[in-house]
Amino acid sequence: MCRVQPQPRLPHASLPALIDYLSPKVCVSREGTVADYGMLATEDLQVGEVLFTIPRAALLSQYTSSIQALLQEARESLQSQSGWVPLLLALLHEYTTSSSHWQPYFSLWQDFRSLDHPMFWPEEERTRLLQGTGIPEAVDKDLVNIHLEYSSIILPFMESHPDIFDPKLHTLELYKELVAFVMAYSFQEPLEEEDEDEKGPNPPMMVPVADILNHVANHNANLEYAPKCLRMVTTQPISKGQEIFNTYGQMANWQLLHMYGFAEPYPGNTNDTADIQMVTVRKAALQRAKSEAEQQLVSEQWDFLCQLEMVGEEGAFVLGWDEVLTEEELSMTLKVLCMSEEEFQEYKEQDGWEDDTEEEENSILSNEALSRLKNPCKKLLYDSVLLTLESYRSDLKAEQDLLNNKEAYERLSRREQQALHVRYGQKRILHLLLELIQ
């Protein structure tokens, strides 16, 4: 039976203070959910049923905080790479103010110790479990940016408003926890179609109750935005006792673990991807060069691709289950790096453009198209995949054996399990690609 337990972290009495309407067909529970709290159906639900509505007055953002006027006045000095500083300042203030209008919301999150993003893992553990996945590099950038934002923007702002902020209370550690909180639980309202080309993305905001729902790729509910409220609406029929899942977007497992602290077990995440670093393809091309002249040619070809903005030192080619998601970049890179000196000189004279509609159509790299690549391109891509697989600390078979051995899997820590799901999905995609281009 679905029931709401009187746990201190999720007082059910807080829910009415945060929402206008809660369907009698659902409940919040810790039992029967994939992780921590979630929402379950207590009766069968049909497509299009409203599960709850949240008034816009209940949303916590830089525009609804009690210090919104202060944040608006200082908006120029609060600009940052992340764009999150105003919301984070609002959270720092509201979270530590006992009289805050948002205390019913924060009573759901009495502390942030349950957040287990890789940014909180020891560096040694992060490297050992996640090497090759792209997460350690993403975390390193996050940590640099967090420290930079706090020291160069947050601290000066707090020192300018000592009546509101206290660096001894509003510490770097709390700021870091709130960054993870925003990563894991914030929402961004989609732009209207007419604004998409003119505006940047809307700033993040906290949406009480909606952030209780867990995520899977094959979700059965979705958050809809209306002028006066937000509504969680079913997108599939849901049977009594089933968990109700929202979507956080089309997220690969490495993105889910990096930003939300979890990954979907194989084969659940149909949005999973694997990356081949662009510089890895250059490395594979250089390795097959038999002379200094051929190595020089590869370097010139790479520089040319950089000028065309097809590649970059920190870029990656992204592979999905069914196709290459960066098809234009990979197709062009393979084509140029496999050219002879004469072909390349002729191609450069045309500035990299050819009036070849048939070739353009064939550049869409579905799995079927990958198997039809010319042999030199296949070989270069094959070698690049092998180099990518070498960047992990274990092979696919070892991970498969671990997943198939229930007792061994259950002995793993939660972090080890989540990292395993990330690595395994990526390696499955890479091995699928090897089979296609052998």
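Two strands count as paired if DSSP finds at least two bridges between them. In this predicted model, strands β3 and β10 have 2 bridges, in the antiparallel sense, so they meet that rule. They belong to an open sheet of 4 strands. The points below cover this sheet, the nonpolar cores, the aromatic residues, backbone exceptions, helix α11 and the cysteines.

**Sheet**

- The strand order is β2-β3-β10-β7, and the pairing is mixed.
- β2 (26-29) and β7 (214-215) form the edges, each pairing on one side only.
- β2 and β3 run antiparallel and are joined by 4 bridges.
- Val26 has Ala41 in β3 as its bridge partner.
- β3 covers residues 38-41 and β10 covers residues 243-246.
- Across this pair, Met39 stands opposite Ile244 in β10.
- In a regular strand, side chains alternate between the two faces of the sheet.
- In β2, Val26 and Val28 point one way, while Cys27 and Ser29 point the other way.
- Those four residues of β2 are all buried.

**Nonpolar cores**

- The largest nonpolar core has 84 residues, of which Phe52, Phe181 and Ile244 touch the most other members.
- Leaving out residues up to four places away in sequence, the contacts of Ile244 include Val26, Met39, Leu40 and Ala41.
- Ile244 also touches Leu45, Leu51, Leu213, Asn214, Asn220, Ala221 and Ile238, with the same sequence neighbours left out.
- A second core, separate from the largest one, has 40 residues, among them Phe317, Val324, Leu334 and Leu337.

**Aromatic residues**

- A pair of aromatic rings is described by the distance of the centres and the angle of the planes.
- The model has 13 aromatic pairs.
- In the pair of Tyr105 and Phe106, the ring centres are 5.6 Å apart and the planes stand at 45°, so the pair is tilted.
- Tyr105 is buried, at 0% relative accessibility.
- Phe106 is also buried, with a relative accessible area of 2%.
- The rings of Tyr248 and Tyr260 are stacked, at 4.6 Å centre to centre with 25° between the planes.
- That pair links distant parts of the chain, 12 residues apart: Tyr248 is in the loop between β10 and α8 (253-260), and Tyr260 is in helix α8.
- Tyr260 has 16% relative accessibility and counts as buried.
- One aromatic cluster is formed by Tyr95, Tyr105, Phe106, Phe181 and Tyr185.
- Phe181 thus appears in this cluster and in the largest nonpolar core.
- Trp302 has the charged end of Arg282 over its ring, 4.7 Å from the ring centre.

**Backbone exceptions**

- Most residues other than glycine have a negative phi, and most peptide bonds are trans.
- Tyr266 and Pro267 are joined by a cis peptide bond, with omega near 5°.
- Pro267 is located in the loop between α8 and β11 (274-277).
- Val209, which is not a glycine, has a positive phi of about 75°.
- Val209 is in the loop between β6 (205-206) and β7.
- The relative accessible area of Val209 is 1%, so this residue is buried.
- Glu309 also has a positive phi, near 60°.
- Glu309 is placed in the loop between α10 (292-307) and β12 (316-319).
- With a relative accessible area of 70%, Glu309 is exposed, whereas Val209 is buried.

**Helix α11**

- Helix α11 (residues 327-337) has Leu330, Ser331, Met332, Thr333, Leu334, Val336 and Leu337 as its buried residues.
- These buried residues pack against α9 (278-288), α10, β12, α12 (341-349) and α15 (375-390).
- Leu334 and Leu337 of this buried set are also members of the second nonpolar core.

**Cysteines**

- The structure holds 0 disulfides.
- For Cys338, the nearest cysteine sulfur is that of Cys377, 3.9 Å away.
- A disulfide requires sulfur atoms within 2.5 Å, so Cys338 is in no disulfide.
- Cys229 is buried, at 15% relative accessibility.

Definitions and conventions. Residues are numbered from 1 along each chain as its sequence is written. This is a predicted model: local features need pLDDT of at least 70, side-chain atom pairs count only at pLDDT 80 or more; totals for chains, interfaces and linings use all residues. Side-chain values use heavy atoms; hydrogens and water are left out. Rings of Phe, Tyr and Trp (its six-membered ring) pair if their centres lie within 6.5 Å; planes under 30 degrees apart count as stacked, over 60 as edge-to-face and the rest as tilted. Buried means under 20% relative accessible area, exposed over 50%, partly exposed in between (1.4 Å probe, protein chains only). A charge sits over a ring if NZ of Lys or CZ of Arg is within 6 Å of the ring centre and within 35 degrees of the ring normal. Contact means heavy atoms within 4.5 Å. A nonpolar core is a set of buried Ala, Val, Leu, Ile, Met, Phe, Trp, Tyr and Cys residues joined through side-chain atoms within 4.5 Å.
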